[in-house]
Amino acid sequence: MTKLSFTERVILSIFKSKNIIHGKTKLQKYIFLLMEFNWETDYFNFVAHRFGPYSDNVNNALNILINTGLLEERYTESDYGGYYSYEITRNGYNALKTDVQDDLIEKSAEIISKFGSMTYRQLIKYVYSNY
């Protein structure tokens, strides 16, 4: 396996504390908040979007993690159209152990501890209100 990019390591670090994430938008917001709370530089080039900050870099890295088998993506139909869910795989856990620094995992755990129990709407409202 090739070396993970910084963005790929950041995404995987989120899954150490939250094995399944329901919604691509939620994942984008967790990464955005992780960046806002920990770095002065926007490594991910977030831009304003319909549902708050969005990063093509995060989306591209997410697709790489899915295509390399480190994350699994599922689509679920719902009354409002449907949503994607993401779950870390066994290979993803192995990559976490070998390729993701402990301090990054700790920073991600703080974000999930603070925001991980919020509903989709609560998370969007928080981001809109504060950024």
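Me: What share of the protein's contacts with a separation of 6 or more comes from residues 24 or more positions apart?
Reply: Residues 24 or more positions apart account for 64% of those contacts. Do keep in mind that this is a predicted model.

Me: How do you know that the size of the protein agrees with a compact globule?
Reply: A compact globule of 131 residues would have a radius of gyration near 14 Å, and the protein has 14 Å, so the two agree. As for its extent, the C-alpha trace spans about 40 × 35 × 25 Å along the principal axes.

Me: What makes Arg-74 and Glu-72 a salt bridge?
Reply: Their side chains meet at 2.5 Å, N to O. The cut-off is within 4 Å, so the pair qualifies as a salt bridge.

Me: And why is the pair of Glu-87 and Arg-74 called a salt bridge?
Reply: Here the closest N and O atoms are 3.0 Å apart, and the limit is again 4 Å, so the name fits. This pair links distant parts of the chain: Glu-87 sits in strand S3 and Arg-74 in strand S2, 13 residues apart. Together, Glu-72, Arg-74 and Glu-87 are linked in a network of salt bridges.

Me: Why is Arg-74 called partly exposed?
Reply: Buried means under 20% relative accessible area and exposed means over 50%. Arg-74 has 39% relative accessibility, so it counts as partly exposed.

Me: Which label do Glu-72 and Glu-87 get, and why?
Reply: Glu-72 has 35% relative accessibility and therefore counts as partly exposed. Glu-87, at 23%, counts as partly exposed too, because buried would need a value under 20%.

Note on methods. Residues are numbered from 1 along each chain as its sequence is written. This is a predicted model: local features need pLDDT of at least 70, side-chain atom pairs count only at pLDDT 80 or more; totals for chains, interfaces and linings use all residues. Side-chain values use heavy atoms; hydrogens and water are left out. Buried means under 20% relative accessible area, exposed over 50%, partly exposed in between (1.4 Å probe, protein chains only). Helices (H or I, at least four residues) and strands (E, at least two) are DSSP runs, numbered from the N terminus. The radius of gyration is taken over C-alpha atoms; the globule rule is 2.2 Å times the number of residues to the power 0.38. Contact means heavy atoms within 4.5 Å.
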